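Student: I have a protein model open in front of me and would like to learn how to read it. Could we go through it together?

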Amino acid sequence: MTGSARSKNVRPPRRETPALAGNAATRSMQARAQAATEGERGRYLLKLYVTGTTPASARAIERVQSICEEHLRGRYDLEVIDIYQLPALAKDDQIFATPTLVKVLPRPLRRFIGDLSRVDNVLFGMDLRPRR
């Protein structure tokens, strides 16, 4: 044997679409993320993690829907994930507190933790309004 039998470390190609968990609910989000990366640049993909049907969860859902309808009408996909129902998704996305809003697209990925009552901070973090 004259040559080296070592294998090369080959890196996989860089993914343009963020990796999402593999259950049926998030597979549709994966398809929307792919479509957004390929053409719909102004589209927002959001995931809201909540814990059951608590008052805090209900308020967070209402606030996020209100923000989206007021500032992103027709340009967003929102997936609400109850970590009591799907705890694996919370683990995959490293969610340690709820409610947590994750802005998947447009990049960069951002996380908003808490009751989302500071709407100006959420808008600033989502690049929708300049901070004063």
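Student: Which residues have the most contacts inside the largest nonpolar core?
Tutor: Happy to help, and keep in mind that this is a predicted model. The largest nonpolar core has 16 residues. β1, α2 and α4 (119–125) each supply at least two residues of this core. The residues with the most contacts inside the core are L46, L48, L72, L101, L116, V122 and M126.

Student: Which residues are among those of the other core?
Tutor: This other core lies apart from the largest one and has 10 residues. Among its members are L45, I81, A90 and V104.

Student: Which residues does L116 touch, leaving out those up to four places away in sequence?
Tutor: Start with its place: L116 lies in the loop between β4 and α4. With a relative accessible area of 7%, which is under the 20% cut-off, L116 counts as buried. Beyond its sequence neighbours, those up to four places away, L116 touches L48, A60, R63, V64, L101 and V122.

Student: What is the phi of L116, roughly?
Tutor: L116 is not a glycine, yet its phi is positive. D127, in the segment after α4, also has a positive phi without being a glycine, near 60°. For L116, phi is about 60°.

Student: Is D127 buried, partly exposed or exposed?
Tutor: The relative accessible area of D127 is 48%. Buried means under 20% and exposed means over 50%, so D127 falls in between and counts as partly exposed.

Student: In what order do the strands of the sheet lie?
Tutor: Four strands form an open sheet, and their pairing is mixed. β2 (76–82) and β4 (110–113) each have a single partner strand, so they stand at the edges, with one side of each left without a neighbour in the sheet. Neighbouring strands are turned by 20° against each other on average, ignoring direction. The order is β2-β1-β3-β4.

Student: How many bridges join β1 to β3?
Tutor: Compare the two partners of β1. With β2, strand β1 (residues 44–50) pairs in the parallel sense over seven bridges; here Y44 stands opposite Y76, and V50 has D82 as its bridge partner. With β3, β1 runs antiparallel, and L48 stands opposite L101. The number of bridges joining β1 to β3 is five.

Student: Which residues of β1 point the opposite way from L45, K47 and Y49?
Tutor: In a regular strand the side chains alternate between the two faces of the sheet. In β1, seven of the seven residues are buried, so the strand is largely enclosed by the rest of the structure. L45, K47 and Y49 point one way, and the residues pointing the other way are Y44, L46, L48 and V50.

Student: Is the crossover from β1 to β2 right-handed or left-handed?
Tutor: Follow the chain: it leaves β1, passes through α2 and arrives at β2. Helix α2 (residues 55–71) packs on the sheet, touching β1, β2 and β3 (100–105), and its direction makes about 170° with that of β1. This β-α-β crossover is right-handed.

Student: What is the length of the polar contact between the side chains of D93 and Y49?
Tutor: First find D93 in the loop between α3 (87–92) and β3. D93 is buried, with a relative accessible area of 15%. Not counting residues up to four places away in sequence, D93 touches K47, Y49 and R111. Its side chain meets that of Y49 in a polar contact of 2.2 Å.

Student: Which residue has its backbone oxygen 2.8 Å from the side chain of R43?
Tutor: R43 sits in the loop between α1 (24–38) and β1, and at 18% relative accessibility R43 counts as buried. A polar atom of the R43 side chain lies 3.2 Å from the backbone oxygen of Y76. The backbone oxygen that the side chain reaches at 2.8 Å belongs to G74.

Student: What is omega, roughly, for the cis peptide bond joining R107 and P108?
Tutor: P108 lies in the loop between β3 and β4, and P106 lies in the loop between β3 and β4 too. The peptide bond from L105 to P106 is cis, with omega near -5°. For the cis bond joining R107 and P108, omega is about 5°.

Note on methods. Residues are numbered from 1 along each chain as its sequence is written. This is a predicted model: local features need pLDDT of at least 70, side-chain atom pairs count only at pLDDT 80 or more; totals for chains, interfaces and linings use all residues. Side-chain values use heavy atoms; hydrogens and water are left out. Two strands pair if DSSP finds at least two bridges between them. Axes are lines fitted to C-alpha atoms, for helices over the stretch in contact, and angles run from 0 to 180 degrees between N-to-C directions. Contact means heavy atoms within 4.5 Å. A nonpolar core is a set of buried Ala, Val, Leu, Ile, Met, Phe, Trp, Tyr and Cys residues joined through side-chain atoms within 4.5 Å. Buried means under 20% relative accessible area, exposed over 50%, partly exposed in between (1.4 Å probe, protein chains only). A crossover is right-handed if, with the strands pointing away from the viewer, the path from the first strand over the helix to the second runs clockwise. A polar contact is a pair of N or O atoms within 3.5 Å; within protein, one must be able to donate a hydrogen and the other to accept it, and residues adjacent in sequence count only if both atoms are side-chain atoms.
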